[in-house]
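Visitor: I have just started learning about protein structures, and the words puzzle me. Could you show me one and explain why things are called what they are called?

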Amino acid sequence: MRSPEESAAADAVVCEGLVRLFGERRALDGLDLRVGAGETLLVTGGNGAGKTTLLRVLATVLRPNGGTAAVWGHELPREAQAVRPTVGYVGHEPLVYPALTAQENLELYAALHDVNGSRVAEALQLVGLERRAGDRTAELSRGMRQRLALARAWLHGPSLLLLDEPTAGLDAEGRDVLRALLAGREGAAVIATHEPEWFDGLATGAVRMEQGRAAA
């Protein structure tokens, strides 16, 4: 395992020849990718190109079948435990607990990451949900649940954000929240999106994926 000094100097993401299989289908087929410490990379491409699979591998949700992947110098999956506290992940679905309130969802996540509870109120305010803090998540709109997922991803101060179609389901106010969150943070981000033009002024680069690889 790398020392803290070595990890601090590492790129946020390095993938070399990355492979992920689903049966005989190669969702990632020898992907090479590098994201620097302060970069925000957009990943574009059609449905089935491998964007979601890439983010799930980097978020330690899926294990690669070949090649190498590293986050902040920590090799996956061997050092997944060291990677998880550094990553904030928002997938296609918000994946919040519907029976819990917005505040309870974040309090649970804060406890899992040993985060001071005072961050919960700050996170709710950041995404404009402070007035809905006591409402059960099942009563919130799709866009509000997406905002709650963004708050959860931000809560523990990750140095790498992994966002899968984060504009989906967001109204104008929600998109303003997303833009402010991205503009006001440090660290790196990898964002899979069908709306790359929306991120003008926020992204530092882009790569298009086709059939599990970065297109030339």
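Guide: Gladly! This is a predicted model. Let us start with a pair of helices: α6 passes α7 in a left-handed crossing.

Visitor: What makes the crossing of α6 and α7 left-handed?

Guide: A crossing is called left-handed if the near helix is turned anticlockwise from the far one by less than a right angle. The angle between α6 and α7 is about 15°, and their axes are 10 Å apart. The crossing of α6 with α7 is given as left-handed.

Visitor: Why is α6 called roughly parallel to α7?

Guide: Angles under 35 degrees count as roughly parallel. α6 (142-155) and α7 (residues 172-183) pack at about 15°, so α6 is roughly parallel to α7.

Visitor: Which residues make the contact between α6 and α7?

Guide: On α6 they are R147, L150 and W154, and on α7 they are E173, G174, V177, L178 and L181. By class, that contact has five nonpolar, one polar and two charged residues.

Visitor: What makes one of them polar?

Guide: Gly is counted among the polar residues, and G174 of α7 takes part in the contact.

Visitor: Let us turn to burial. How do you know whether T101 is buried or exposed?

Guide: Buried means under 20% relative accessible area. T101 has 12%, so T101 is buried. T101 lies in the loop between β6 (87-90) and α4 (102-112). Leaving aside residues up to four places away in sequence, T101 touches A133, G134, D135, R136 and T137.

Visitor: And why is E139 called partly exposed?

Guide: The label covers values between 20% and 50%. E139 has 49% relative accessibility, so E139 counts as partly exposed. You will find E139 in the loop between α5 (118-126) and α6 (142-155).

Visitor: Now the sheet. What is the order of its four strands?

Guide: The order in this open sheet is β2-β1-β4-β5, with antiparallel pairing.

Visitor: Why do β2 and β5 stand at the edges?

Guide: β2 (25-35) and β5 (74-76) each have a single partner strand, so one side of each has no neighbour in the sheet. From one strand to the next, the twist averages 30°.

Visitor: How do you know that β1 and β4 pair?

Guide: Two strands pair if there are at least two bridges between them. Five bridges join β1 (residues 13-22) to β4 (residues 66-71), and these strands run antiparallel. Look for V14, which stands opposite A70 in β4.

Key:
Residues numbered from 1 in each chain as written. Predicted model: local features only at pLDDT ≥ 70, side-chain atom pairs only at ≥ 80, totals over all residues. Heavy atoms only, no water. Helix = DSSP H or I, 4+ residues; strand = E, 2+ residues; numbered from the N terminus. Buried < 20%, exposed > 50% of the residue type's maximum accessible area, 1.4 Å probe, protein only. Contact = heavy atoms within 4.5 Å. Axes fitted to C-alpha atoms, helices over the stretch in contact; angles between N-to-C directions. Parallel < 35°, antiparallel > 145°, perpendicular 65-115°, else oblique.
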